[in-house]
Amino acid sequence: ALALRPTGHSDQSSSLSNLAITLQGRFYHRGVLSDLDEAIDLHHAALALRPPGHSDRSSSLSNLATSLHDRFSQRAALALRPRGHSDQSSSLNNLAATLQGRFYHKGVLSDLNEAIDLQRAALALCPLGHSGRSSSLSNLATSLQYRFNQRGVLSDLDDAIDLRRAALALHPLGHLDRSSYLTNLAMSLQDRFNQRGVLSDLDEAFSHYSQLSQPSHAVSHIDLEAAKS
């Protein structure tokens, strides 16, 4: 609809505002900060088309203010959960997830770097035995793997592999989620073999892929072929 209302169209501001409101609604549902960032940009654009005296200016001001407040609240929520708060690790991971989502959308590496720092802090709050430790290990490993893909720094891949091994150790044979942890670790090891050519990495990756074909993991042939590709 917005594409059919280019610059100069009398209803462009309405389309800008409607799209912004919808993106903001998706942000509330998924928590991906890039949706909120885009909504704010669109609200700014709509407001620029509604100067003082325009009948819809007050609604544009209100919508933009709400979006800016929501973005501020993401960081404020973390500030209200200082070290020692039972929900601090959750706040750290939530903010990291929004930054990671914005990195995927905009490709700004500083967002991914900040997400990694937050995920490291969250992991430190999830010692052995903590119910959230495996997800924290996996989240940080995924972010480090993405940063390796961007920068090619092998230490990030090394760290990701160590974290994936630790996460897999928390999912013994018979665990419902073990196959996905096996797949992630095998893929990271395969990436490192491609970089360094160390056969032990390839052997370990093959060992994990082989386990995926065993009935105890309840993995389909489609899943296995996808993992090997």
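**Exercise 1: the main core.** In this predicted model, find which residues have the most contacts inside the largest nonpolar core, and work out which elements build that core.

*Solution.* Start with the core itself: the largest one has 23 residues, and Leu140, Leu144 and Leu163 have the most contacts inside it. Next, sort by element. Helix H5 (109-124), helix H6 (133-151), helix H7 (154-169), H8 and helix H9 (199-212) each give two or more residues. H7 supplies the largest share, with 6 residues. Then look for anything set apart from this core: there's another one, of 7 residues, with Leu92, Ala96, Leu118 and Ala122 among them. As background, nonpolar side chains in soluble globular proteins tend to be buried together.

**Exercise 2: around Leu140.** Which residues does Leu140 touch, once those up to four places away in sequence are not counted?

*Solution.* Skip the sequence neighbours and you're left with Ile116, Gln119, Arg120, Leu123 and Leu163. Now place them. Ile116, Gln119, Arg120 and Leu123 are part of the H5 side of the contact between H5 and H6, while Leu163 belongs to the H7 side of the contact between H6 and H7. Leu140 itself is listed for H6 in the contact with H5 and again in the contact with H7.

**Exercise 3: H5 against H6.** Decide how H5 and H6 are oriented, given their packing angle.

*Solution.* First, the geometry: the angle is about 155° and the axes are 9 Å apart. Angles over 145 degrees count as roughly antiparallel, so H5 is roughly antiparallel to H6. The crossing is left-handed. Last, check the chemistry: the contact residues split into 9 nonpolar, 6 polar and 4 charged.

**Exercise 4: H6 against H7.** Do the same for H6 and H7, starting from how their axes cross.

*Solution.* These axes come within 8 Å and cross at roughly 160°. H6 and H7 are therefore roughly antiparallel to each other. Their crossing is left-handed. On the H6 side, the contact includes Leu137, Leu140, Leu144 and Phe148; on the H7 side, it includes Leu154, Leu157, Ala160 and Leu163. By type, the contact has 11 nonpolar, 4 polar and 5 charged residues.

**Exercise 5: H1 against H2.** Now move to helix H1 (residues 12-30) and helix H2 (residues 33-48) and describe their packing.

*Solution.* The angle is about 160°, with axes 8 Å apart. That makes H1 roughly antiparallel to H2, and the crossing is left-handed. Among the residues in contact are Leu16, Leu19, Leu23 and Phe27 of H1, plus Leu33, Leu36, Leu42 and Ala46 of H2. The tally here is 12 nonpolar, 4 polar and 3 charged.

**Exercise 6: an arginine in H8.** Is Arg192 buried or exposed?

*Solution.* Locate it first: Arg192 is in helix H8 (residues 178-196). Buried means under 20% relative accessible area, so at 10% Arg192 counts as buried. For its surroundings, leave out neighbours within four places in sequence; Arg192 then contacts Leu157, Asp158, Ile161, Arg165, Gly197 and Asp201.

**Exercise 7: the whole protein.** How many helices and strands does the protein have, and what part of it is buried?

*Solution.* Count the elements: 10 helices and 0 strands. Along the sequence, that reads α-α-α-α-α-α-α-α-α-α. For burial, 40% of the 229 residues count as buried. Finally, take the contacts with a separation of 6 or more: residues 24 or more positions apart account for 50% of them.

Terms used: Residues are numbered from 1 along each chain as its sequence is written. This is a predicted model: local features need pLDDT of at least 70, side-chain atom pairs count only at pLDDT 80 or more; totals for chains, interfaces and linings use all residues. Side-chain values use heavy atoms; hydrogens and water are left out. Helices (H or I, at least four residues) and strands (E, at least two) are DSSP runs, numbered from the N terminus. Buried means under 20% relative accessible area, exposed over 50%, partly exposed in between (1.4 Å probe, protein chains only). Contact means heavy atoms within 4.5 Å. A nonpolar core is a set of buried Ala, Val, Leu, Ile, Met, Phe, Trp, Tyr and Cys residues joined through side-chain atoms within 4.5 Å. Axes are lines fitted to C-alpha atoms, for helices over the stretch in contact, and angles run from 0 to 180 degrees between N-to-C directions. Angles under 35 degrees count as roughly parallel, over 145 as roughly antiparallel, 65 to 115 as roughly perpendicular and the rest as oblique. A crossing is left-handed if the near helix is turned anticlockwise from the far one by less than a right angle, and right-handed if clockwise. Ala, Val, Leu, Ile, Met, Phe, Trp, Tyr, Cys and Pro count as nonpolar, Asp, Glu, Lys and Arg as charged, and the others, Gly among them, as polar.
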